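Please load the model in your viewer and keep the selection tool at hand. The tour below proceeds by successive selections.

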Amino acid sequence: MIKMNKQTMVFLILTLVTVTAHSEDSLYQQLGGKPAIEKITKHLLDRLLNNEKINFLFKETERDDLHIKIVDQICMETGGPCKYEGLDMVEAHSGMNIKYSEFDIFVEDFILAMEDAEIPFRLQNKVLAIFAPMREDVSYE
Amino acid sequence: MKKKITVMVLGCLASIAVSAGSRQLGTGAVMQIEGASGSGIVSWATIAGYGENNETDVTAAYTYLDTDDYRFDMIGASVGWRNRIEVSFAKQELDLVTLGPVLGLPGASLKQDVIGAKVRLAGNLVYSKMPQISLGVQYKENQSFLIPSVAGAKDDSSMDYYLSATKLFLGKPWGFNGFATLTLRSTEANELGLLGFGGDLGSRHINAEASLGLFLNKSWAIGFDFRQKRSNLSFAGENHWRDVFVAWVPNRHFSLVAAYADLGTVATLPDQTGLYLSVNGSF
């Protein structure tokens, strides 16, 4: 049996806690910060605005404005130093009658945009997990 | 004329193919051995195909399992309506490779038809916090009741009822997308019903089924299935079934499953293990 005194125990526990805390970088950092999010958003808008199945949903928005809002939102939701200042998701999409199938197409373009930006699969899924609950705010049955 | 018709048929098929549902890849699962959406041997709460609430998909599948002593195959088709209701039809056949000649019936096989229906009661596989929950029925009709009746089976047809919960976990564990299913099935079936229904030891039981797995990337998944089974026939005791599987889903129209299945003792022959292959098409 290895005998440990109280101080050694406390030291070990503290070390463990510190190591765990350090390995838990925010998702924002793991993605590659603002430049990576800018890249994802550029690819996302390239795809959405050229996707005939859903681009009509964006015909009344300015691309530059949409770009800033999406970057801010991804940045904030993944734990980055940004503040999304647009409408909340319910307000922003109210009256648009977005179908679940259209939401699905958006998600598919979002995944493809993350692939375009070379975000690894496992980080893609963590990002999707954050935004998935918004489905009910954006679309209707 | 013939050419014209061929072109027209191809055109129709292509347009159907283009209009497949919009749910994310893999969310229609695959056709299990009784025709329902699920994995190899387990019925899931998923609705077949990729349709959303304004879309309808058709799926067809062929499955083959070889344990040396037995050869099983299933051909099936299903319709997933608006991600709400699934209707399926499957034809199963079990070739008695070893048992046939022993019984003096070389070339004998056990056959069964299964008509299934499933309704999604609540939840969404991907997007809701709660799992997707569905209730299903499978009407099973044995098409070769002579051998089962001699073995002591009471009925040549019966109904299975099942309640299933399935959930996909985005980014869990370790950033992968995990999935899990728990199903409770009320059944009188002996070896799925291929050996008829009920017997000298009893009839209806509630059995548990479970699947657990992981999407390693967008198109590849691995996992395992477990299906509890109980014996109604003292002549042909049953074992629980299990398998480990790999699924390849390159797009919404095609998927392939390979599994290694362990069926234990089947109709007196022990250690039935073998390779399971299943191909699915969706439109």
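The stops are the interface between the chains, a helix beside it and a single residue in a strand.

Please bear in mind that this model is predicted. Begin by selecting the residues of chain B in contact with chain A: there are 22 of them, facing 22 residues of chain A. Between them, the two chains bury about 1700 Å², with 52% of that area on carbon and sulfur atoms. Within this selection, highlight B:Y127, B:L170 and B:K218, which lose the most area to chain A on the chain B side and together account for 33% of what that side buries.

Next, turn to the polar side of the interface. Three salt bridges link chain B and chain A. Select B:E52 and A:R135 to display a salt bridge whose closest N and O atoms are 3.1 Å apart. The two chains also have eight residue pairs in polar contact. By class, the chain B side that touches chain A consists of six nonpolar, nine polar and seven charged residues.

Now move to helix α7 of chain A, residues 121–131, where the buried residues include A:F121, A:L123, A:V127, A:L128 and A:F131. Their cover includes α4 (63–77) and α6 (100–116) of chain A, as well as β9 (177–187) and β10 (205–215) of chain B.

Finally, select B:L65 in strand β3 of chain B, residues 56–66. Is B:L65 buried or exposed? B:L65 is buried, because its relative accessible area is 8%. Beyond its neighbours within four places in sequence, B:L65 is in contact with residues including B:F72, B:A261, B:L263 and B:Y276.

Notes
Residues numbered from 1 in each chain as written. Chains lettered and ligands numbered in written order. Predicted model: local features only at pLDDT ≥ 70, side-chain atom pairs only at ≥ 80, totals over all residues. Heavy atoms only, no water. Contact = heavy atoms within 4.5 Å. Buried area = accessible area lost by both parts, 1.4 Å probe. Salt bridge = Lys/Arg side-chain N within 4 Å of Asp/Glu carboxyl O. Polar contact = N/O pair within 3.5 Å; in protein donor to acceptor, adjacent residues only side chain to side chain. Nonpolar A, V, L, I, M, F, W, Y, C, P; charged D, E, K, R; others polar. Buried < 20%, exposed > 50% of the residue type's maximum accessible area, 1.4 Å probe, protein only. Helix = DSSP H or I, 4+ residues; strand = E, 2+ residues; numbered from the N terminus.
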